[in-house]
Amino acid sequence: MFPEYDVIVVGAGHAGCEAAVAAANMGSKVLLATMNMNTIAQMSCNPAMGGVAKGQIVREVDALGGYSGIVTDHTMIQFRMLNKSKGPAMWSPRAQSDRMLFARKWRNMLEANENVDFWQEMITGIVVKDGRAIGVQTGMGLEIKSKAVVLTNGTFLNGIIHIGEKQFGGGRAGEKAAKGITEQLVQLGFESGRMKTGTPPRVDGRTLDYSKMEEQPGDDHAGKFSYTDTPTLEKQSPCHIAYTNLDVHEKLKTGFDRSPMFNGRIQGIGPRYCPSIEDKINRFADKDRHQLFVEPEGWDTCEIYVNGFSSSLPEDVQYNAMRLIPGFENVKMFRPGYAIEYDYFPPTQLKISLETKLVSNLFFAGQINGTTGYEEAACQGMMAGINAHLKITEQDPFVLSRSEAYIGVLIDDLVNKGTDEPYRMFTSRAEYRILLRQDNADLRLSPLAENLGMKNMEARMNRVAEKISDGKKIEDYFRTVSITPDQVNGYLESLGSAKVNQKMKLHKILVRPHVYIDGLAEAMPEVRSFLNQFNQEKIEQAEIKMKYEGYIQKEQEMVEKMNRLEKIILKEDMQYTGLSSLSAEAVEKLTKIKPRTIGQASRISGVSPADISVLLIHVGR
């Protein structure tokens, strides 16, 4: 009935979809197995992509040939670049998406890929032979063979949904939990744990009074995620901001005695940076209000997502508390918020390629590794799909370093440090964030994807070459053209910046604080005339390189120092117990994690600089 596939991907959420297209576009024949074909790429929680550090990840996925950025550009209803008041290392794109269009576009793109097949059924186990994954077992007892398996089970592994005192099995509202895989993996020797996440109520937008809320419009000129030729958003839908108050908090407290979070029914650890509303008012008792984002679910629906009001309190408590929020007095609820508990597998059990250490050709990606968020899941899926293809074609794994991508930071953190709470990416987690900006992901990563043999990279690489060439032209212009005091002093005076008294190169003016290319172009028609031949993306890229040149250079020097350690390979079967000078903790951690390089070893919690010196001596350095 089935051919033998190269790669079987289990689960069709954000991780599963990216894993499937990555392996398929590398040349593998892929089967994407899901319990429900109608929920492929469903946005289970908020209808948005991107955000702080997450937007950088979506752009990196796109630069490597993934589809998340393309799908987002085709289906967004609002775009905002966050943190524009800060330096460009912090700028983060975020889009509000049409939930139904998003899933439909993803499915259309998957179905257009001739290397992707689909199967709708619960997968209950992995077929393992001689320590290697060779296929999957389905709920109907079918065995489907493959050379590699990628598990992207999301919140479905033994998922339990909690609403007040009610609890029932489920992977998300209206869908059953997945059984069998956890039990088999534990039998094989894997360590598992429990995590919790939650979602807020969905409400009827027709019953809200937006005049009592703050409108949050999109940017005047909507940006994009993809570096390809995707449509530009012309019309945008506003979001709104509302606030809780002390009356809301008091009403919520009346349900605390029935809260599964406070009475011990929920054992899993929830996301630190996205707590439930009851957790917020309990932990931050000094705050008399909390901000809520009132987000539309799409162009053609009145359904609203109440971001910031995640809850597992009884539905009557949620409803009565919401009616005390200004603008929500007459609210009708479509469905209550709930918490969901699910199994995950501590990611220290993975190699840096996301292949498991215990079973070869078996890869984990997404929430099964303890992460939270569509974007974190998507990038892991892409890397697992790429590495599954490389493994079965007997090629070296594709690994991104911490200095190459936020994706590299995320995977390095997971594999070396592990996580016992849902992991979320932030710009602060990246030590080289000046290099890892959202504007240059294509320059950093598209050449790597082309070298891998990723399909359809030719047009992308032409754009990269043009961006580099045009950026150099803009830089050369600013470094060679001189301006007179009368040309620029009016502009400098308006900024409170010191006037010049002699001819000066444009570049010297640009690197001053508060001076920007747009301002110079407005003050000097000749500059505007020159820049008119370039699009905003190229101008912005060149400006960042010139204004932050010193910082960029300093970070690159730090990277070069660190890379020396990354190039020193440690054997996978190295026996650390034989090195008497290592600390006992270092022996334990190194034996468990089996780092590939000295650099990776240096980032393992509990491995000291003295331990690294011992390793360097041992390998002859």
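In what order do the six strands of the open sheet run? The order is E14-E15-E16-E17-E13-E18, with antiparallel pairing. Strands here are DSSP runs of E with at least two residues, helices are runs of H or I with at least four, and both are numbered from the N terminus. Two strands count as paired if DSSP finds at least two bridges between them.

Before going on, a word on the source: this is a predicted model, where local features need pLDDT of at least 70, side-chain atom pairs count only at pLDDT 80 or more, and totals for chains, interfaces and linings use all residues. Residues are numbered from 1 along each chain as its sequence is written, and side-chain values use heavy atoms, leaving out hydrogens and water.

Back to the sheet: E14 (214–216) and E18 (333–335) sit at its edges, each pairing on one side only. Away from that sheet order, here are two antiparallel pairs side by side.

| Pair | Bridges | One bridge partner pair |
|---|---|---|
| E14 and E15 (residues 239–243) | three bridges | Glu 214 and Ile 241 |
| E12 (residues 193–199) and E19 (residues 338–344) | seven bridges | Thr 199 and Tyr 338 |

E12 is largely enclosed by the rest of the structure, because five of its seven residues are buried (under 20% relative accessible area, 1.4 Å probe, protein chains only; exposed is over 50%, partly exposed in between).

Zooming out, the protein has 21 helices and 22 strands. Of its 621 residues, 57% count as buried. The C-alpha trace spans about 80 × 70 × 50 Å along its principal axes.
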